[in-house]
Amino acid sequence: MNEVIVPQRELNEECGIIGIKSKQKKALAYDIYFGLFALQHRGQESAGIAVSYEKRKIYYFKKMGLVSDVFEEETLNAFPDGDCAIGHVRYSTTGSSNVVNAQPVVFYGRFGRMAIAHNGNIINCDSLKSAMMKKGHVFQSSIDSEVIASLINLNSETCLLDGIIKTCSELEGAYSLVIMADDKLVAVRDRHGLKPLVIGKRGDDIVFASETCALDSLNAEFIRDIKPGEIVTVDENNNMTSTFMPNIERHSCIFEYVYLARSDSSIDGRSVYDMRYDCGKYLAELYKIEADVVAGVPDSAIVAARAYSEMTGIPLVDALSKNRYVGRTFIQPSQSLRENGVRVKLNAIKNNINGKRLVLIDDSIVRGTTSKKIIKLLRDSGAKEVHMLIASPIVKYPCFFGVDMDSRDKLIGGYRSEEEICEIIGADSLHYLPIEYLIKAAKGNRCEYCAACFDGNYPIEVDKYNCGKFVLEI
């Protein structure tokens with residue numbers, strides 16, 4: 001298998017999933033393809049599509065690379081018409097970056113061919129896998145999604161739904177799933193609702209997706225968010241039924257709003273755009289800075305920067321131009337490019353910042369390496385002052401639920417104050433949005449969100465599963 005060289009990044013996303021159930025056989029591979037395009041921001045290492053075209057038969061294709069690279073017209077035309085299909089874009093949070101770990105996971109099981117796509121991270125995966133291997137189970141990959149697939153097959157003694165319910169009772173961590181088996185399409189969201197999942201409708205077709213932007217790309221009507229702990233089954237006649245897990249406690253990931261989701265999506269009834277706008281508005285209320293211009297780091301901080309500009313009257317400019325053809329799996333061919341990766345991806349617009357006092361807004365700072373390089377780039381391009389505002393609190397703790405934030409000692413804010421971080425990245429000043437304002441922007445109650453990366457309050461007992469020693473395979 002070909003290994004993909006992944007350069008060190010400031011932050012890595014998780015994965016994106018989509019599923020469609022239709023009453024008639026049609027070219028669903030193309031629909032999944034366009035849906036994955038809309039979810040490309042959630043994972044850029046691999047992509048895959050699986051289509052059910054006859055009873056208990058599945059045709060699939062997956063490969064390393066961006067959606068547009070993986071699925072050429074000839075590849076899509078090879079897919080048969082089907083009445084059910086799922087798709088996945090991946091960034092590895094567990095399992096190395098090679099094609100054997102790409103999704104969907106497709107296998108032979110109790111119901112013939114089955115397929116599953118997963119977004120999230122199962123923190124007790126190692127113990128579950130070890131117990132199954134002692135009983136004689138074998139695994140082809142190192143991803144937790146294959147463990148979930150094997151458990152569902154093992155537990156489906158009477159029917160698929162019973163197997164899914166029993167499997168979910170054994171899983172600890174974050175997961176949204178789309179499962180294709182037994183002429184059914186099943187969507188699952190973990191009991192904390194850590195990972196988003198929505199339901200849409202296009203004519204008679206039922207669509208599940210990680211974000212509403214994928215529904216928009218298919219001209220599908222948004223119906224609702226799948227609720228935490230909900231298992232939605234669409235049968236062969238497209239009848240939709242819901243079942244709920246026990247012990248439901250909503251703790252949706254607040255970082256979805258901060259960084260992961262697209263601005264044109266909504267999560268649990270809250271517009272991501274509006275949330276980010278409010279974060280910028282609160283930054284303007286809290287921090288009055290004498291400056292000539294304000295700018296946002298593309299793309300997820302642009303909305304907050306616009307709000308800050310409108311509230312303060314400081315003109316909004318583009319300080320940085322983003323090369324949109326550089327994916328996060330960009331293979332950098334030399335050490336010099338690795339060291340200067342920011343210049344490959346971002347370039348300063350000198351005429352807008354030369355001799356100016358600049359307020360630069362970003363969504364978050366994780367390791368700090370990118371922020372430091374951006375500030376140096378802006379100074380080298382003529383910025384007189386660079387004052388940095390962050391539209392979220394200090395990232396102090398790692399995430400174990402599907403976002404690569406590394407260990408605490410590698411987080412720039414793990415053990416440092418605002419002032420110490422400011423000195424390291426080289427800004428003239430640095431301020432973060434307090435957590436109470438972030439929750440206020442999300443329009444929810446504090447208990448409804450997982451903000452563990454900011455405050456260390458994990459909704460699951462992570463120490464029980466040795467998460468403190470958790471090492472990401474990249």
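Strand 1 (residues 15-26) and strand 10 (residues 205-209) run antiparallel and are joined by four bridges; strands here are DSSP runs of E with at least two residues, helices are runs of H or I with at least four residues, and both are numbered from the N terminus. Two strands count as paired if DSSP finds at least two bridges between them. Within this pair, Ile-20 stands opposite Val-207 of strand 10. The model is a predicted one, in which local features need pLDDT of at least 70, side-chain atom pairs count only at pLDDT 80 or more, and totals for chains, interfaces and linings use all residues. Residues are numbered from 1 along each chain as its sequence is written, and side-chain values use heavy atoms, with hydrogens and water left out.

**The seven-strand sheet**

Strand 10 belongs to an open sheet of seven strands in the order 3-2-4-1-10-9-11, with antiparallel pairing. Strand 3 and strand 11 (221-225) are the edge strands, each pairing on one side only. On average, neighbouring strands of this sheet are turned by 15° against each other, direction ignored; axes are lines fitted to C-alpha atoms, for helices over the stretch in contact, and angles run from 0 to 180 degrees between N-to-C directions. Strands of a sheet pair through backbone hydrogen bonds, either parallel or antiparallel.

Several antiparallel pairs of this sheet are listed below with their bridge counts.

| Strand pair | Bridges | One residue pair |
|---|---|---|
| Strand 2 (residues 46-54) and strand 3 (residues 57-64) | eight bridges | Glu-54 and Lys-57 |
| Strand 2 and strand 4 (residues 82-90) | seven bridges | Val-51 and Ala-85 |
| Strand 9 (residues 198-202) and strand 10 | five bridges | Val-198 and Ala-209 |
| Strand 9 and strand 11 | four bridges | Gly-200 and Phe-222 |

Two hairpins belong to these pairs. The hairpin of strand 2 and strand 3 has two residues between the strands, and Arg-56 takes a positive phi near 60° there. The hairpin of strand 9 and strand 10 also has two residues between the strands; in this case Gly-203 takes a positive phi near 65°.

Strand 10 is mostly covered, with five of its five residues buried, where buried means under 20% relative accessible area, exposed means over 50%, and partly exposed lies in between (1.4 Å probe, protein chains only). Both of its faces are covered: Asp-205, Val-207 and Ala-209 are buried on one side, and Ile-206 and Phe-208 on the other. Strand 2 is mostly covered too, with seven of its nine residues buried.

**The six-strand sheet**

A further open sheet has six strands in the order 5-6-7-8-12-13, and the pairing is antiparallel. Its edge strands, each pairing on one side only, are strand 5 (105-109) and strand 13 (240-244). Neighbouring strands are turned by 20° against each other on average, direction ignored. Inside the sheet, strand 6 (residues 112-122) is joined to strand 7 (residues 173-181) by eight bridges, and the two run antiparallel. Gly-120 has Tyr-175 of strand 7 as its bridge partner.

**Helices**

Helix 5 (residues 144-155) packs on helix 6 (residues 160-170) at an angle of about 130°, with the axes 7 Å apart. That angle makes helix 5 oblique to helix 6, because angles under 35 degrees count as roughly parallel, over 145 as roughly antiparallel, 65 to 115 as roughly perpendicular and the rest as oblique. On the helix 5 side, the contact is made by Ile-148, Leu-151, Ile-152 and Asn-155; helix 6 supplies Leu-160, Asp-162, Gly-163, Ile-164, Lys-166, Thr-167 and Glu-170. Contact means heavy atoms within 4.5 Å. The residues of this contact divide into five nonpolar, three polar and three charged; Ala, Val, Leu, Ile, Met, Phe, Trp, Tyr, Cys and Pro count as nonpolar, Asp, Glu, Lys and Arg as charged, and the others, Gly among them, as polar.

In helix 10 (residues 302-312), the buried residues are Val-303, Ala-304, Ala-305, Ala-307, Tyr-308 and Ser-309. Their cover includes helix 9 (272-286), strand 17 (293-296), strand 20 (357-362) and strand 21 (385-390). Just after helix 10, Gly-313 takes a positive phi of about 85°.

**The chain as a whole**

The secondary structure of the chain comes to 17 helices and 23 strands. Of its 474 residues, 58% are buried. Among contacts between residues at least 6 apart in sequence, 70% join residues at least 24 apart.
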